[in-house]
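Here is a quick tour of a two-chain model, written for someone who likes to check the numbers against the coordinates. Have the viewer open as you read.

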Amino acid sequence: MTPIPMEWYVFLGTGLFTIGVIGVLTRRNVLVILMSIELILNAVNINLVAFANHFQTVDGQVFAIFVVTDAAAEAAVGLGLIIALFRNKETVNADEIDLLKW
Amino acid sequence: MTLPQLAFLGLSLAALGSAVMVIIQKNPVHSVIWLIVTLFSVAGIYLMLHAEFLFAVQIILYVGGIMVLFLFVVMLVNLDEAARQTSFSRRWPLALFTALAVLAELLYGFYKGQGLRLPQLVQGTQAKGNTQAIASMLYQNYMLPVEIASILLLVAMVGAVVMAKRKIE
């Protein structure tokens with residue numbers, strides 16, 4: 001069985017990362033921005049697991065588990081913030097949340 | 001082209017295509033559904049990389065936990081008014097240009113740099129199962145990070161409750 005070249009995994013990670021960055025920068029809805037951050041974290045995880053498989057260790061997979069833990073914490077706090085924001089300003093658009101803008 | 005390579009190409013095309021759908025869908029509920037497709041494709045890629053435990057974690061924790069939380073909040077704050085407005089910010093061409101510049105930079109570094117000159121290791125078979133290997137690694141070599149991650153989760157839980165609750169009258 002010929003293995004899959006490492007470059008393919010790196011390119012897949014790069015593509016997912018770029019799509020996530022485009023989502024974070026262009027969308028107005030805060031919820032979709034949070035989902036794009038999840039895309040970016042998944043791109044990182046693919047690279048970690050691919051290199052862990054290449055070097056025949058599980059350290060990369062352990063790091064990927066920590067990344068998933070971070071994603072869960074970030075989603076909980078981010079969604080709590082969005083609920084608090086929606087209660088105060090009745091909007092989920094990032095460009096209408098300009099209370100700190102001078 | 002061998003069968004694993006075909007499977008990889010199929011999974012990665014599904015992941016990239018559904019990721020694009022996530023960021024172009026107008027309705028956030030549809031974005032969540034497409035993100036679930038992306039996460040399943042990434043889980044399939046984990047399975048191809050002999051990471052069975054992460055495959056299960058991805059499906060149980062990501063799709064079953066985080067995405068349900070997202071769906072819940074989307075339905076809680078869904079606005080009919082927001083669906084009628086434009087879903088991209090005013091300066092999206094500049095943002096798109098910036099993101100594509102980052103992509104070009106990554107690809108330039110990849111081609112002009114040393115490339116992936118990784119040592120070819122022998123593909124040995126793992127003596128232990130994947131879950132057992134991860135467990136002994138987590139609780140022996142990475143004991144302190146596990147404790148720090150658990151405290152992080154506790155803080156995030158308390159923070160989310162404090163953030164989302166109403167003011168006490």
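Which residue with a positive phi follows H2(A)? That would be Gln56(A), with phi near 55°. Before going further, keep in mind that this is a predicted model.

**Two backbone oddities**

Gln56(A) sits in the loop between H2 and H3 of chain A. The residue has its positive phi although it is not a glycine. Most residues other than glycine have a negative phi. Chain B has a case of its own: His50(B) is not a glycine either, yet its phi is positive, about 60°. The loop that holds His50(B) is the one between H2 and H3 of chain B.

How do these two, and a couple of helix residues, sit with respect to their surroundings? The cut-offs to keep in mind are 20 or more C-beta neighbours for buried and 12 or fewer for exposed, with partly exposed in between.

| Residue | Place | Other C-beta atoms within 10 Å | Class |
|---|---|---|---|
| Gln56(A) | loop between H2 and H3 of chain A | 13 | partly exposed |
| His50(B) | loop between H2 and H3 of chain B | 17 | partly exposed |
| Val44(A) | helix H2 of chain A | 17 | partly exposed |
| Leu3(B) | helix H1 of chain B | 8 | exposed |

Leu3(B) counts as exposed because it has 8 C-beta neighbours inside 10 Å, and the cut-off for that class is 12 or fewer. Val44(A), with 17 such neighbours, is partly exposed.

Two distances help with orientation. Val44(A) and Glu96(A) are 52 residues apart in sequence, and their C-alpha atoms are 31 Å apart in space. In chain B, Leu3(B) and Ala133(B) are 130 residues apart along the chain, with 28 Å between their C-alpha atoms.

**Helix H2 of chain A**

Back to the helix just before Gln56(A). Does the length of H2(A) agree or disagree with what its residue count predicts? It agrees: at 1.5 Å a residue, the 25 residues should span 36 Å, and the end C-alpha atoms are 37 Å apart. Is H2(A) largely enclosed or largely open? Since 19 of its 25 residues are buried, H2(A) is largely enclosed by the rest of the structure.

Confidence is worth a glance here. Chain A has a mean pLDDT of 88, with 98% of its residues at 70 or more. Among the elements of chain A, H2(A) has the highest mean pLDDT, 93, and H3(A) the lowest, 91.

**The core**

The largest nonpolar core has 64 residues. Those with the most contacts inside it are Leu16(A), Leu31(A), Met35(A), Ile46(A), Val49(A) and Tyr46(B). Which elements give two or more residues to this core? From chain A they are H1 (6-26), H2 (30-54) and H3 (59-89), and from chain B they are H1 (3-24), H2 (28-48), H3 (52-77) and H7 (143-164). H2(A) gives the most, with 14 residues. The core also draws at least three residues from each of domain 1 (1-87) and domain 2 (128-169) of chain B.

Met35(A) makes a good spot to zoom in. Leaving aside its neighbours within four places in sequence, Met35(A) is in contact with Val22(B), Ser31(B), Val32(B), Leu35(B) and Phe70(B).

**Chain B and the contact between the chains**

Chain B has seven helices and zero strands. Of its 169 residues, 22% count as buried. Residues 24 or more positions apart account for 53% of the contacts in chain B with a separation of 6 or more. The centres of its two domains, taken over C-alpha atoms, are separated by 23 Å.

How many residues does each chain put into the contact? Chain B gives 67 and chain A gives 60. On the side of chain B that touches chain A, the elements giving two or more residues are H1, H2, H3, H5 (92-112), H6 (130-141) and H7 of chain B. H3(B) provides the largest share of that side, 12 residues. By class, the side of chain B that touches chain A has 55 nonpolar, 12 polar and no charged residues.

Conventions. Residues numbered from 1 in each chain as written. Chains lettered and ligands numbered in written order. Predicted model: local features only at pLDDT ≥ 70, side-chain atom pairs only at ≥ 80, totals over all residues. Core = buried A, V, L, I, M, F, W, Y, C linked by C-beta atoms within 7 Å. Helix = DSSP H or I, 4+ residues; strand = E, 2+ residues; numbered from the N terminus. Domains from an automatic or database assignment. Contact = placed C-beta atoms within 7 Å. Nonpolar A, V, L, I, M, F, W, Y, C, P; charged D, E, K, R; others polar. pLDDT = per-residue confidence, 0-100. Expected span 1.5 Å × (residues − 1).
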